[in-house]
Structure formats: structure tokens, C-alpha cells
Amino acid sequence: MKGRLKYRWLFTMQFFLLLLVTVVPQYSWADKEQSATVIAEIEQIDLTSNDYIVIEHQRDVVVYTEAELADFADPRFLYNQEERVSVLEARTVTPSGLVIEPQKTAMNVLVPHSLASFPDYHTFRELILSFIGIESGSHLKFKVEKKVPKKSDSLSFFEMKVEAGMYEAAVNDFSCSVLAPEELSLSYAVFGDAIEPEITTQPGQKSYNWSFKEIPALTAEELIPARDSLRPVLVLSTAHSWSEIARFMRSNYFHEGEVAETIKTKAMAVTKETMLPSEKIEKIHRYFLENMSVIKEHPSFVHYKIRSMDQVFNTHYGHIIELNALFNEFVRSLGGTTNLLCLQHKDLFSKNVPALVQFSDFAVEVTLEGYSVWLSLLHPLHAWNSDLLHDVVVFNVTDSGYEFVDLAGRKYSENSISSFQKITVDEKRNYSSSLQVSLKGSESLFYKLRCDLPGGMKTYCENFAEVSSVDSLALLEFNPSHTAFEVGFTGPWKTEKLADGFNSYSAELLPFNAFDSDILLPMTKVRHFPVQINHPFHYKQITEVTLPATITIIHLPKVVQLENDYGAVHLSIQNEQGKTLKFSRELLIKVDTFKAADYLKIRSLIMTFLDPKWQTVLLEDKEND
Amino acid sequence: MSRYFVATKTNSLSPLICVFFLFVLFLSGPSMIGAQTSKTPTLTDEQIWSIINKNVKKKLFVDSPTVTLLHKDVVTFKENGASIKNSQFLIAIQADEGARKYRTLRFDYNIKTSYVAIKEIKIYNSEKNSIRMVPHEGIEAVPAPDDGLIFWNFSMKVVPLGILESGDVLYYEIERRGMNIAYLSADGDAAHREFLPPMPGHYFEVVYFESDQPIIDRQYHLYGPRSKLIQYEIENGTIDSSILFEDQMLHYCFQKRDIPAYVSEYSSISFDQAALKVVLATNPDWEGKSRWAYELNEPQFVISAEMQQKVDELLTGTTTDDEKMAILLHWVADNIRYLGLDMGEGEGFTVHRTDEIFAERAGVCKDKAACLISMLRAAGIPAYFVLTLALEKAVDIPADQFNHGVVAVPREDGTFIYLDPTWAPQDRALFNKREQEQSILIASPEGEDLGNIPYSPAEENYWHISGKSSLEISGDVHLTMDVEADNFAGGKMRQSLAARSPLNKPLYFHKIVNPLSAEAIIEKSSFQNPLDYSSPLNLSLTIFLPDYAIVLDDRILLVPPLSRHPFSRAWESDYLYVVDPDERTKPLELDCTRKMHFTETMKIPRGYTLTERDEIRMSSETATLTYVIEQKGRNLNVLLDFSIHRRIVSPEEYPQFRKMVQQIKELRDRHIVLMKRSKGEL
């Protein structure tokens, strides 16, 4: 699941900058071998005031190309109506030393795009600071302060996630400091770097400082993991325990008393004429996916009281906690219960820091009439079950407590595709085929066919085989961990015409989910970041094609056998008695993430497997050509 | 919904260049102007029930999730051009999908230049025989999100409608005064203020009669003083129209019934161009508008000392005006970033002061154009501001239909050279060739008629890709590929090469050669600085293709590498991705006219012969395709040339164009056979 959970809270944002530059080198826009560099970015958090948390964010970046301006020339700061944001400093320093401060019209306060359609969220604003007078080699410097009122209730705590650079450019120096009352307990964790804070104490106060140096630029590479696992991330919290977090979530998530009549009526209508609890849950889930809009960008729900369930229902939108809570109300209407699930990849999570900000995804555990299932309102069910619920820590908040659930990573042996197909081609080049397929683990089609793909198995078969006629279909196994089926096709046999009466033919690759079969992993020795696929897996396909007498086999490719630490590929085509072609195709990939240094090893497995050259035969059919 | 703000972007294939201009848009509306009588009484419940019931009986468009039963605009304008527009909508929700579409109503406007009053919102349901009033009185305007990087301080009112269901009918009525971009307001509170148009005394509008959902009854009524005659033109179909004398006013009435939903086709020309519409204006001719634009903007062209110094510095050593124009154009293109800050009065139809644009190094298209005009003038080259409609043609009615600002430099022979600094970054042409044949209006003291940017033939926008390759007996191929590209073609490559991080360039080269083979190894690459505009762009790649050909005992099969069409991404070769449907009802819009010219000379192993010479020639008004492969000695010579002569392909020409593209696709996989000569054979 690492890097694939799409739901990101934006609490992360505020950083600061030191204005260190004294001598500015001269560059021209034409000097394209330079790219933007963040000289310094600094985040300073002051927790010592009784009234406010004060967060100062500074940045000093030097930009060389116009394209880089998209990341740096118009920084945006999101806040809500209780908070105050002030620009303390903003200036462009050109290579010749000219200092240009943006005028008032270059600082605009607007409702953010992401919230424009949600009037209940129009209390949020975005300050956009536009730098002017920029030339190649200019420094763009700002210092912005945000004041967050402290709450006095017992469920109040401070938490923050600081990502070292949410852009492509390299960072010379990224630092974060926290000034806190001496007695305040601050827990913290750093991911992506082994750095420890420098802690200093002065009367009544304690200061923590983290400094990250020489963070490399990000580059566009295929199958790259998500940004938050490529850059250092710091999480901070003043919450005392996970019980406190659970209490906070419970107060927002669970609602006591009768479910509102309008919600109850809708829940009944959505599930009417449905008997099985699993189907009732699926219907509610589908209703939510189709009718409720999830607000994905939200500054911080720790500082925002969720709306009443009536209001969430009437508006049909909300942030994920609100919608999960509304889902709970639907389930309660039917006599069931739910828990709230908070998830994060195990490598980006620390149990030592009780903080909601650590979680990147939220879901529900539903129990109804003895049936229980985990559901997400953010992801298609197939992706959720096959790839997201692995290597994950889950914080499960119930109405009376909480527990952690550690979901292990999947092994390649658990995710497999195996198939056996017999194809008989007649002299008119029509074929009949029987295909047996077994799909296990993350490759099982259970959720895809039941929920995500209209038309189910038949559509699936028609799509992958590009045939007009599915003559028979028998489902042998159909559950979340295993799908097996047998299908009979007929149709025109397709080959590719070459010159001189030659044709080429290749047995069709079965669809799989482990990675995109159109992927381009270029033949290059330079790779900067790890390669990540959806899941490890084992693919095995045997296809036997019996040809009519009119067709002659001209050429078979050589057998390919490749094996390394990460897996193996075996590709072969055998000519059995001159009339039957036996295609064997096998790929084994043992893990889902590969070090950049081992790029060529994983590349060779994937690209060899996908290269049609090793699975294509040359045929001659004088009669039909 | 009425359209009240025009902002045109380049299409998504060109994300690096974003056009936007100014020219306003429009909304005005009626009900009361001064002492005039309202022309549009709010519909009564009885009238609305009657419309709903009539539609139920008609059973038209029952499969559409939503149907507009009535969209009626009534506009009244005065001698001074001030106007009020009253709009009534009645929309039937026929499926859940339709209910989702209408969760809220949003109205954007600029509070300094216009006013929107929500008169009434109700939900009718005939099954329940119910009417629900939607509260809207307390809805406050909030600052609307920016439009890209344009910060012209728009506000919006967003009204939640509550839960709608299939069977509901939404009725709403709004009143708009003024324009969204025009700072010429008079005194008084917003609800009663007259907002004068940018060109006082005149009224214009572009009124669309289609939308993304079917419309049962679309009406547009315009009331104006008899002294202000309206000229209009109906485009893309027919609309019933009439002109009536009413009191002291003329009443222009346009109506159409039972209009199906507008269906866009992949890569077709824009809705604005293709939809049924009326374009109307009181302005008598383009010349007047041209003079107005000149007089309005001329005071803004201010040459500061810093600007003069920069011009002198940039032009040191130059001798010809052509040289000077190119240098100044590219300086503005690359150094004035696209950013729309609000200048206050006049924003949207007037350029910013050019000394300020120069100092801020920021502006939208009109401001970039204005800055270039001042810099050209500082270099002694006369230049004019030009209004234009990016990629499109305006209807020949002198209404503001423009969305982009560029520059014209007069020649001695009375013609003009055009320059567009907004679309020029990473493009060598003075005027981006994609913008060929679009409408323009030069703002000059004499006044100009509506004109067009000249056509750009395919030969101006070329990729010349020449390959020298050698085929080994093992099946390996060594290839050197030299590329020269200019104008549109060069711009595409320059933009890729000038991408943010230099680390990304290798991936770009791999994307170019990937169609040849996933196993292609790029052994060497060299390319020209993409920001050197002194010559067409050059790129050279040395490529190794291991195991490329199929080697049999007596023959070798292969596709000549360049026949596989490197540069085949939609970024460069959009035509490869737009010919799926057999036919089209709307014109196909391509990026640009262009010439893709591949030549390859392949040295083949001694003793092998090409079994068959091949030649394909296809031609139409839109495009020409030539493919020839032949053997000369030990060399195979391959020529593949595809020239696109028209940027817009009509539905009639489309099938032939499609055939050519399919032929190119087929060539990408067409193997040739090299036969081994038997002993003794010559």
C-alpha cells in the first residue's frame, strides 16, 4: 500500500526559509542544465503561547527556468476562518541584486478550487502569494506566519506532518524546529532519514530542531513510489496516548440516539428487496460511491468540528470522516455497527507518536447480521482489497476502545495467475478454444467483477479475448482470494500479415494487475529511485494451438530463460508434431519494491516477459494469403 | 446556464502555453431599467405546472438525465449600453445522475462591475404535488477561486439545493447587470447600479442555443431603443427570429424548440465554434471597434528607462528589423511570466501599463503583447495591439468575440507581420503556427476590418527525420537518427527538451525511440539548446537495436526502423489517436498543419535482396501520404512522408484522412522480406 493511498491531508504545509543569500550568481534562462534549487526551507512551530500555535514557514528558492515557476512562483496557504495567515516577508531578488516586493494585488485570498462546490466549506480560504519581477537565477523568498487558536477542551492536542519538499527540486537545507513549554510532552518520528533532533533547554522552554541536508531532486521515472516515501517526513504530536486519539475520533465519528428519519428512510430504500447482509452493505456502499462527494483537500479536521449527520446527508458531500460517520448511520439504521479504520503503510508509521496526521486513509469495518467486512469510500473495491490492504498498520477505533492491526505484505506465492488454453484452428481460419484460468490473491477478480466492472465475467472475457462469441462459461471458484473459471470461445483466428505470404502469431497475454502491461522501462543504466509494482506475483500460462494442414510453421523464437534475485522468466514455444504450437510463458516476481541499483534486474524480467519477440511465431498459409 | 465569462485555453496538448485574454464576457439582463417596464414577470406556479405537465405528455428526451424545459433570457439595454438580463430556467431531473448535477447552483461575477440577484428557486414534484422553496436570501458572495493564474477578483454565490430526486423539476430565476470585466460603474448601490459596457453606447452578445442537455424551449428576447439597431447572424443551424415594435423599443425575439443535447466528439472543434448560436451587436462595423481598442489602450504603452536600456542591450549588434523582432519577441515570451493580477479599472479589456508589466515581469496575454509593443517601439519599430480569437474564427458581426491579445507590425507594403509572445515560449516562429487562419482585429487609429492570420502550409512545420542504419546478419541494427524540426514541430521538441529538470531528458529520448523497440539502447545523443531560436532545432541519436530483425535460414524479416514512426506520442502526432470512429458529424481539430518526413538508408547484409519494391501514394485536400521502399545496391531506401495540409478536417474529408492514418499505422508493423540469393545468383 506504500505510496498508493491517495488520500492526503494537507496539514503538512507550512515551512520556512532562511534568507541566506548574499552573493547571487548570474544565470540566463537559456542555461537549461540548471534546475531550481531550494536553498533553505524552514518550519518553526511555537507552542509556548497560551492562545495560539504559531507556525512560521520560510523558503528561499532559486529558479532558473520558466517551467519551474509552477512550483514556486505562486505559493498557496490554506487556512480556516478561525486561523490567521500573514505574509511577514516576500521578495524577489534578481541576479543583479534588485529586490522586488509584490504589491497588494499580488496577494489574493480566495476560496480554494477544491472547495468551491461545497458551500459549507466556504469558511476556508487560500492565500496566494505571487512573486513578480522574476528573472532566471532569481531568489524567491517568503516568510509566512499562521496563527492557530488553541482549544481549551480536553480533546485538544497539536499534531503536524512535515514533508521535506512537496515539489521536484533539490533541497540544500530543510529544517524544522519546535519551541515548546518545558513540561509539554512532544512525541515525534522521522521517516526516510535517521536524523535525531537537536534538543536545547532554556528556562521554562524546550527547543527541538531537525535539519535535513542535500535532499536530491525528484525525476520523472516509471513505476516510481509515491513522493512521501522518497523524501524525509517528520510527524509531531502532543497527544499523550493512542487512547486520547481514539477518544477524539470517537467523539467525532459515533453518534448516539436515534438515527435521523431521513437517513433511515434512505437506508431502507437503498437496501429494499435485499436479503443478505453482504448485499445490503454493498448497496449502501455503491450508493455512497455514486452519490456522495468526498472532499479530499482539507486543512485539518483536528481543528474542525464535523457537521451534523443531517447536514452531511442533505448536502451529499463531506470529508472522509464525515462520510464514514454517515455510513455508520446508514448501517445503524439496519441494526448493524461499524468501527472507524485509520490506515498507513507500515514503513511510514510509528506507534510511538499518537497522531491522526500519520494516517493517509480512512475506512470502516461494518458488521451486520453476523457478516463483517472492511470498506473504503475512497477506492474501487478491487484495488482496495488486492493492493491496499497489505503492509499496512490499521488503527481500529470501536465505540469503546481501539486496537492496532498489522496487515502483512503479500507473498508472490499468494498472488498468481495460471492458465491452460487449447485452441483449434480450422482451414477457414476460425477457431474454437477452451480456456481454464485460476486467479489467486491480489489477482482474484472477485471484487472487480462484482463491483467495479459492469457486465461482470462475460464482459471481462470478451474484453481480453477480443472475440464476439463466448459460447460457454463456468465459474469454478469465486471468492476474494480465488477466482477460477472455464470459458469456451469461438471466433475468427487473428494473425498479423507480414510480407511474402508470411503471418505472425502470438498467444494473447492474460490481463494482470501487478503492473501496467504497457509500461516502458527504458534500457538505461541510470535510475535514481526505486521501482515499485502493485504486488509480487507468479504468472504461468500454457496455450496449445492446433493448426490446420494449410498452415506451415516457418520460424520459432529461441527459448528464453532468465533468473535473478528478484525472480525469473521462462518463455518458450514448442512445435509439437509440426501442427501444434505449445506456448509457455512464466514470470515470477518475488517482491514489490526494488532498489534503484537493481533497476536492470527487474527491468530485464519485466521487459523480457512483455517483449512479443519471444512469443511470436512465423507461419505461412499459402491457401488463405 | 448563460455563459458569462470567456476564457480560452490552448488545448491540452500544449500545457506550457496558456492563453487567456480578456475580452470580457457578458451578461446583462432585463426587468427594470430606469423607468422601463419589466418585460419578464416571474412565472407563476400555474404556468410552471402547465409547462411541466405539457412536457410529461410530450415524452421527449426521456432517456436524458436532465432536460431543460424552458430557458428564457430577456435582455433590456439602454442608449448608453447599460443592460439588465433576466434568465429563467426550468429543469426536469429524470435520473439520479441528473440530481447529482444539480446539487448546487453557482453564479460567478465581479462585484465591482456587475451584479447578480437570485430572484427565486423552487423545486416542483408532480408525483408528490409539492413545491419546495429553496432559501437563498442569506447567500453571501465569497471570493471565487482563481482561473488558472488569473486573479481578477471574481466572487461567487453558491446556493445549495438540498436533495433532488428523479421527478423533481428545478425552477430558478436570476437577474444580472453589467459585465464581468469592465470598471465603468456609475453611482448607486449594486442592485440598482448601471454598469456601463467597455464600449459605451453599444450592446453585444453571443447567445448559445444548445447545451449539454436537451432543451424543449429556448427563448432569447432583446429589447433596445429604436435608435440602436441590432445586426445579428445565426450560426450552425436555424432559429426562429422576429423583430417587433413595442412602445419606444425594438423587440428582437429568437426561439427554438426541442433541441437535442449538444454532443461533442473526440478532438472536435470547440462548443463555441460548433454550437447553434446568435451573434448580435449594435456596433455598426469592425473599424469602429478597432479605433475604440486603439484609443483605449494607446495611453498604456509607456517606455520606461529600464525598458529602453534592456532593449538597447538585447539589440546590440543587430542590423535588421527581422532580427530585432525575433529577439524582442522571445525575450518577452521567456521573461514575462503568465500571471493575471488585477489592475483595477479597465481590467479585462485594457492592457496594463507596459512600464509596470516590464518591471513586474508578469501579465496575461494582452499584457505580454502590450509589453512587446512598447519594446518594439523602443527599438524604432511601429507596432499595434491586436485582438484575436485563439485557434478559431469569429462570426463577422462586430461583437467582442475575442479571447486573446497579440501584436501586429506594419510592413511598407501595407501588410502586417504578426507576433504572439504568449504562445512563443520554446517556439521559433514569430507567430505560433497553430494559430493560423484565426480571426484578428488590429487596433489602429484608422480602424481596421476583421482579418485572419495567414495559412501555414505543412512545409513550414516539419520534422525531417533521416536515418542511416545497418542491418547485421545477426538481426542487430545500428541506427543514427538525425532530426531537424521547425516551427510547430520544433516547438514540440523544444518544450520537451526545456522540461524542468535536465535529469528528465533521457526519458524523453527513450519515449522518442520506444516505437522502434523496447530494447533500444541510446548510445549517444546530442541536441541544440532548445532556447536558441537562430535556426531550426536539431537532435541526433545513435541507437542500437539488438535482435531487431527475424533471421531465418534463407531470409530476414524486419520493419525498417523509421517506418515504425518515432515521435508517435499524441504530443507530436495527435493524428494517430483521433481516427477511431468511422465517421464524424463535427469537424476534427488537429494541432497544426505539418510535415512528417522520414527517410532511411539501411545497409543490408551482403547477398540479400528486397523481395518486393513497395509504393503507396494517397492524396486529398487535407493530407498527402507517400511511402516508397526500394533497394539500390546494398542499400534499402525508405521514404515515408505524411503532410497535413489542413488543421481542421471536415466530416466529409474525414474518411479519407482516416484511411491515410490507418495506412501509416499499418506500415508501422509491415515487415519487409530480404531473401538470401542462392549461389551463382547475381
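**Note on the interface of chains A and B, and on strand 4 of chain A**

1. In this model, which is predicted, 68 residues of chain A are in contact with 64 residues of chain B. The area buried between chain A and chain B comes to about 5,500 Å², and carbon and sulfur atoms give 56% of that area.

2. As for polar features, four salt bridges are counted between chain A and chain B, and the side chains of Arg76(A) and Asp146(B) meet in a salt bridge with an N to O distance of 2.8 Å. Between chain A and chain B there are also 16 residue pairs in polar contact, with both residues at pLDDT 80 or more.

3. The side of chain A that touches chain B draws two or more residues from each of several elements, including helix 1 (69-72), strand 7 (124-129), helix 4 (277-291) and helix 10 (599-610) of chain A. Sorted by class, that side of chain A has 31 nonpolar, 18 polar and 19 charged residues.

4. Within chain A, strand 4 (residues 84-93) runs antiparallel to strand 8 (residues 138-149), and nine bridges join these two strands. Strand 4 of chain A also pairs in the antiparallel sense with strand 5 (residues 99-100) of chain A, here over two bridges.

5. Val93(A) has a partner on each of these strands, since it stands opposite His139(A) in strand 8 of chain A and opposite Val99(A) in strand 5 of chain A. Strand 4 and strand 5 of chain A form a hairpin with five residues between them, and in its turn Gly97(A) has a positive phi of about 95°.

Technical notes:
Residues are numbered from 1 along each chain as its sequence is written. Chains are lettered from A and ligands numbered from 1 in the order in which they are written. This is a predicted model: local features need pLDDT of at least 70, side-chain atom pairs count only at pLDDT 80 or more; totals for chains, interfaces and linings use all residues. Side-chain values use heavy atoms; hydrogens and water are left out. Contact means heavy atoms within 4.5 Å. Buried area is the accessible area (1.4 Å probe) that two parts lose on being put together, summed over both. A polar contact is a pair of N or O atoms within 3.5 Å; within protein, one must be able to donate a hydrogen and the other to accept it, and residues adjacent in sequence count only if both atoms are side-chain atoms. Helices (H or I, at least four residues) and strands (E, at least two) are DSSP runs, numbered from the N terminus. Ala, Val, Leu, Ile, Met, Phe, Trp, Tyr, Cys and Pro count as nonpolar, Asp, Glu, Lys and Arg as charged, and the others, Gly among them, as polar. Two strands pair if DSSP finds at least two bridges between them.
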